[in-house]
Structures are given as C-alpha cells and as structure tokens.
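Visitor: I would like a close look at one part of this model, the sheet around its parallel strands, and then at how the rest is arranged about it.

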Amino acid sequence: MNLSPIIEVKDLVRKFNSFVAVDSVSFEVNRGEIFAFLGPNGAGKTTTIKMLTTLLDPTSGIIRVNGFDSSEKDEIRSSFGIVFQDPSLDDELTAYENMEFHGALYGVEKAELVPKIDSLLVLVDLHARRNDLVKTFSGGMKRRLEIARALIHAPQILFLDEPTIGLDPQTRNHMWNYVKNLNQSRGMTVFFTTHYMEEAERVSGRVAVIDRGKIITVGTPQEIRESTSSGSLEEAFLKLTGHSIREEEASAAEGMRMQRRMWGR
Amino acid sequence: MTSVLFMMWLRQLKRYWRSKPRMIGSLGQPLLFLLALGFGFGPIFEKAGGGSYIQFIAPGIIAMSILFSAMFSGIEVIWDRQFGFLKETLVAPVPRWKIMLGRVLGGASVACMQGLIVFAVCLLIGFRPTDLAGIPLSFVFMFLIAMFFTALGTAIASLLEDMQAFPLIMNFLVMPVFFLSGALFPIEGLSGIIKTVTLLDPLSYGVDGLRASLTGISHIGLVADFLVMLVLTLVTLAVGARIFSRIQI
C-alpha cells in the first residue's frame with residue numbers, strides 16, 4: 001500500500017487577469033481518506049477542483065495527483081472520477097447511453113461494461129428508467145446518474161463538487177452511504193466540496209476551510225471545533241469565515257469568469 | 001481506442017436522428033434556393049445558352065446544404081459547453097484530438113445525410129446525373145466538403161464561448177462562401193477580381209468537383225478539386241484539433 005499522499009498541492013495559484021481566485025494554497029489528501037473542502041461562495045473551491053482535475057492550468061504552483069505530475073494529464077485523468085457542480089450529462093441520450101459513452105471514453109471492456117452499468121444503475125435506483133432520455137429526469141435523478149457514471153471506471157479518487165445540492169435528505173443519505181461504503185471497501189479516496197456543514201462533519205475524516213482563495217485551516221472536524229471552541233462545525237466555520245454574505249466576492253469572481261468567457265480564455 | 005471516435009460519431013447521429021424538426025428545418029433553405037432560383041432564373045440561363053439551370057445548380061445546392069449543416073454543427077461544442085457535457089469529454093483520459101476528430105466525423109456524417117436528402121429532392125424535380133459512375137465520386141466530394149467545413153466550424157466554436165456570437169459569425173462567413181463559390185453561376189465567364197475571389201473560396205473546389213462528378217462539367221479540373229479539398233481538410237483538422245485541445249473550462 002502506497003502511503004504517500006494521493007493529492008499533493010503546493011503553493012497553488014490561479015489568477016484570472018488581476019483577480020486571484022486561488023492564492024498560494026497548499027494541502028495534502030491521504031490515500032483512502034474522505035476529505036472535505038469547505039468555503040463560502042467564491043472562495044476558490046471549484047477553481048481548485050478544476051485545477052486538480054486538469055480542466056484548468058494553474059498560474060503557478062505544484063499539483064501531484066496519484067503520484068503524477070500535473071503535466072501527465074492522461075494519467076491523472078484515468079485516476080479519478082468526478083461529479084461536477086453543474087450537470088454534465090447529454091440530455092438527448094438515455095441514461096444507459098450516457099453510461100455506455102463514459103465507459104468507452106475510459107476504455108472499459110465491453111464484456112465488463114454491460115453488467116457494471118446495470119449494477120450501478122440498480123444501485124442509484126435508476127435501472128427502471130435506463131432507456132429514458134435524460135432530459136426527462138428530475139434534478140435528483142440526474143445527480144444520481146452522474147454519481148453512477150463517475151464510478152464506472154473504478155477510479156481511485158472521486159471528486160464531488162457540491163454533490164448534494166438540490167437533493168432531498170433521503171437521496172443525500174443514500175448517496176453518502178454508498179460513497180462511504182466504496183471508500184471503506186475499495187479504499188477509494190473522496191474529495192468533496194459542500195455548503196452543508198453537518199454533512200462534512202458526519203462523513204469526512206479531515207476538512208480544509210478555504211476563504212478568499214486561501215486555506216484558513218485543515219484538520220479533523222473535532223480539531224477545528226476545539227481550536228475555535230465551537231459546539232459544531234457550522235459554528236466554527238462561521239467564526240473562521242465571518243458572518244457577512246459573500247455576494248460581492250462571488251459576483252466579482254463571476255465577473256472575471258464572464259470576461260474570460262467572452263474572450264475565450 | 002477507435003471506440004472513442006465511434007462513440008463520438010454515434011452520439012451525434014443519434015442526436016440528429018432524434019431531432020426530426022432539425023432534420024426537416026435544415027432542408028428549408030436549400031429547397032427555397034433550388035426552387036426559387038431553379039425555376040426563377042432557369043429560363044434566362046437557358047436563353048443565354050447555358051443549358052438546363054436545374055442541371056447546373058443542383059450540385060451547388062447539394063453543396064450548400066452540406067456547407068450550412070457542417071458549419072453550424074460547430075455550435076454543438078458551444079452547446080456542450082453550456083450544458084456541461086463538454087467537461088465530461090475533457091476530463092476523460094483520451095487525447096483531445098480524438099474527441100475533436102470524432103465530433104467532426106459525426107457532424108460531417110450528419111451534413112452528408114442532409115446533402116443526400118437534397119440530392120434525392122433534386123432528382124425528384126428533374127436533375128439527372130449524366131454518368132452514373134460519377135455518383136460514388138460525388139459522395140467523396142460531399143464528404144470532403146462536409147469534413148472541411150465541420151472542422152472549420154468546430155475550430156471556430158472552440159474559440160468562442162458565446163452562444164449568441166456563433167450564429168452571427170457563421171452567417172457572416174457562410175453567406176460569402178456560398179455566394180462566391182460558383183454554386184450558382186459558372187466561374188468561367190467571370191472577370192478579373194471576382195474570378196480571383198471565387199478561386200480563393202474553398203467551396204468553389206468542392207462545388208466544381210461535385211458538379212464534375214455528377215454532370216461532367218468542370219471549370220477547374222477534378223484532380224485539382226480533389227487535392228485542394230483534401231489538403232484544406234487535413235490542415236483545418238490539424239489546426240482545429242490544436243485549438244480544441246487548448247480549451248479550458
């Protein structure tokens with residue numbers, strides 16, 4: 001068993017023009033751990049995930065994922081599965097076709113793929129709807145399908161960017177039980193972001209709190225509660241990041257993103 | 001790994017097949033041109049000694065339908081970006097040029113089908129290929145036109161993130177490319193500048209090749225048509241793949 005951290009991030013910086021979305025962030029995630037990345041809107045969570053998953057190049061800093069350097073993109077890409085914050089399914093295809101497509105992208109053998117898709121669809125309770133177009137699915141069903149899809153190629157790391165947004169408590173529970181189960185049985189590392197503190201407290205081994213592009217603290221939920229003498233992680237989070245609503249930061253970041261979008265970079 | 005190309009291709013065909021309005025809607029413009037010009041200008045063209053105008057423009061209209069469908073299929077990149085599916089393909093451990101090539105093959109196949117439907121309509125209203133042996137060759141030209149313009153449209157779409165801008169830019173490109181291509185008039189009788197412009201238009205070679213293979217009339221020469229289209233297609237694919245590979249989200 002490899003004991004080196006599965007994700008290593010050192011002095012990671014990402015700028016959009018003059019706006020610094022991620023400001024010299026360093027942290028490590030151990031193999032087999034469930035790691036939560038917490039922060040208010042516009043704190044830099046999604047930008048960090050995008051850099052970890054090769055979708056965005058860092059301005060500077062070092063990233064190693066599963067032992068691979070950030071330039072070894074294909075190796076990194078086969079190491080993880082991801083559920084994005086926004087849906088990334090093809091609405092015009094059926095649930096089954098979306099899964100099949102993913103399997104082909106990741107080079108899963110056909111003989112292995114069919115039973116795998118079936119069992120994963122059963123697991124997320126979508127087997128009966130497997131031949132329906134995804135555009136007929138509700139938000140929760142799409143989420144479940146995306147989680148199932150991310151697991152087809154048995155990744156070593158699962159990235160979940162706000163995976164439970166818009167899910168009812170039943171589905172949320174179900175999903176976490178399943179993810180925790182995979183974490184324990186297969187040693188799959190889980191890296192997720194969330195706004196639900198009670199969720200982070202319940203499922204994660206360690207937590208990092210990020211705000212305005214900087215990591216404020218990293219530790220187990222208990223350590224963070226104790227160091228801030230708070231009764232809950234939520235209380236600790238508010239003590240660390242303040243009570244003001246982050247509309248302005250969020251829209252500034254969004255503004256930068258829009259500008260990038262317009263100029264195609 | 002070929003399965004990646006195949007899946008990208010299949011996906012586009014499925015999407016096309018499932019969208020009947022798209023299939024029918026994109027026939028409107030070519031049909032309008034065919035009927036309005038074919039029957040409107042036809043008598044004048046014939047009086048001027050040009051022979052049957054339907055016979056002349058049918059290859060041009062087939063090329064047009066392919067051009068439109070191919071260039072606009074680039075919007076699927078922007079569409080996928082908007083609806084998130086692009087990310088799914090970009091995080092996969094597959095070289096991006098394969099994703100791009102698969103997309104282009106898919107878009108080009110759809111454009112070719114569109115061209116074949118227009119071809120069938122042309123046959124219905126009286127177009128007659130002079131040499132049946134030329135028909136397979138015409139398919140080669142249809143495919144080249146489709147590949148070149150799909151690659152071009154996809155490359156342009158990879159640079160843009162703005163849904164609204166794409167159709168505007170496309171219209172700005174597609175219309176001159178079509179009107180200056182010799183799809184509607186013979187290149188031969190043209191004077192100076194206009195002739196030069198026509199010969200700079202890639203579609204001229206596609207149309208000429210298509211017309212040569214279907215009716216035996218060529219102003220440029222079959223071999224030149226083929227080589228120009230082939231080289232342009234390969235270059236555009238290579239450049240497009242580079243641009244596509246650089247997409248960041």
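Visitor: In which sense do strand S3 (residues 34-38) of chain A and strand S8 (residues 189-194) of chain A pair, and over how many bridges?

Guide: S3(A) and S8(A) pair in the parallel sense over 5 bridges, and within this pairing Ile34(A) stands opposite Val190(A) in S8(A). The model is a predicted one, in which local features need pLDDT of at least 70 and side-chain atom pairs count only at pLDDT 80 or more, whereas totals for chains, interfaces and linings use all residues. Residues are numbered from 1 along each chain as its sequence is written, while chains are lettered from A and ligands numbered from 1 in the order in which they are written. Helices (H or I, at least four residues) and strands (E, at least two) are DSSP runs numbered from the N terminus, and strands pair if DSSP finds at least two bridges between them.

The wider setting of this pair is an open sheet of 6 strands in chain A, ordered S6-S7-S8-S3-S9-S10 and mixed in its pairing. Its edge strands are S6 (80-83) and S10 of chain A, each of which pairs on one side only. Direction ignored, neighbouring strands of this sheet are turned by 15° against each other on average. Towards the S10 edge, strand S9 (residues 206-211) of chain A pairs with strand S10 (residues 214-219) of chain A in the antiparallel sense over 5 bridges, and Ala208(A) stands opposite Val218(A) in S10(A). These two strands, S9(A) and S10(A), form a hairpin with 2 residues between them, and Arg212(A) in the turn has a positive phi of about 45°. At the other edge, H5(A) lies across S6 and strand S7 (157-161) of chain A and runs at about 175° to S6(A), where angles run from 0 to 180 degrees between N-to-C directions of axes fitted to C-alpha atoms, for helices over the stretch in contact.

The loop that leads into this helix deserves a look, since Asp125(A) lies between helix H4 (110-123) and helix H5 (139-150) of chain A. Asp125(A) has a positive phi of about 65° although it is not a glycine, and Asp125(A) counts as partly exposed because 13 C-beta neighbours lie inside 10 Å; buried means 20 or more other C-beta atoms within 10 Å, exposed 12 or fewer, and partly exposed in between, with C-beta atoms placed from the backbone.

Chain A also has an open sheet of 4 strands in the order S2-S1-S4-S5, with antiparallel pairing. Strand S2 (19-29) and S5 of chain A are at its edges with a single partner strand each, so one side of each has no neighbour in the sheet. S4(A) and S5(A) pair in the antiparallel sense over 2 bridges, and Asp69(A) in S5(A) is the bridge partner of Arg64(A). In the loop between strand S4 (60-65) and strand S5 (68-69) of chain A sits Asn66(A), which has a positive phi of about 55° although it is not a glycine. Asn66(A) is buried, because 20 other C-beta atoms lie within 10 Å. Earlier in chain A, helix H1 (residues 45-52) is mostly covered, with 8 of its 8 residues buried; among them are Lys45(A), Ile49(A), Met51(A) and Leu52(A). Just after H1(A), Thr54(A) takes a positive phi of about 70°.

Chain A meets chain B in a contact that takes 26 residues from chain A and 24 residues from chain B, where residues are in contact if their C-beta atoms, placed from the backbone, lie within 7 Å. On the side of chain B that touches chain A, helix H1 (2-18) and helix H7 (85-90) of chain B are the elements that give two or more residues, and H1(B) provides the largest share, 7 residues.

Within chain B, the axes of helix H12 (residues 202-215) and helix H13 (residues 222-245) come within 9 Å and cross at roughly 135°. H12(B) and H13(B) are therefore oblique to each other, the class left over when angles under 35 degrees count as roughly parallel, over 145 as roughly antiparallel and 65 to 115 as roughly perpendicular. Residues of H12(B) including Pro202(B), Tyr205(B) and Ala212(B) belong to the set that meets a group in H13(B) including Leu222(B), Phe226(B) and Met229(B).

Definitions and conventions. Two residues are in contact if their C-beta atoms, placed from the backbone, lie within 7 Å.
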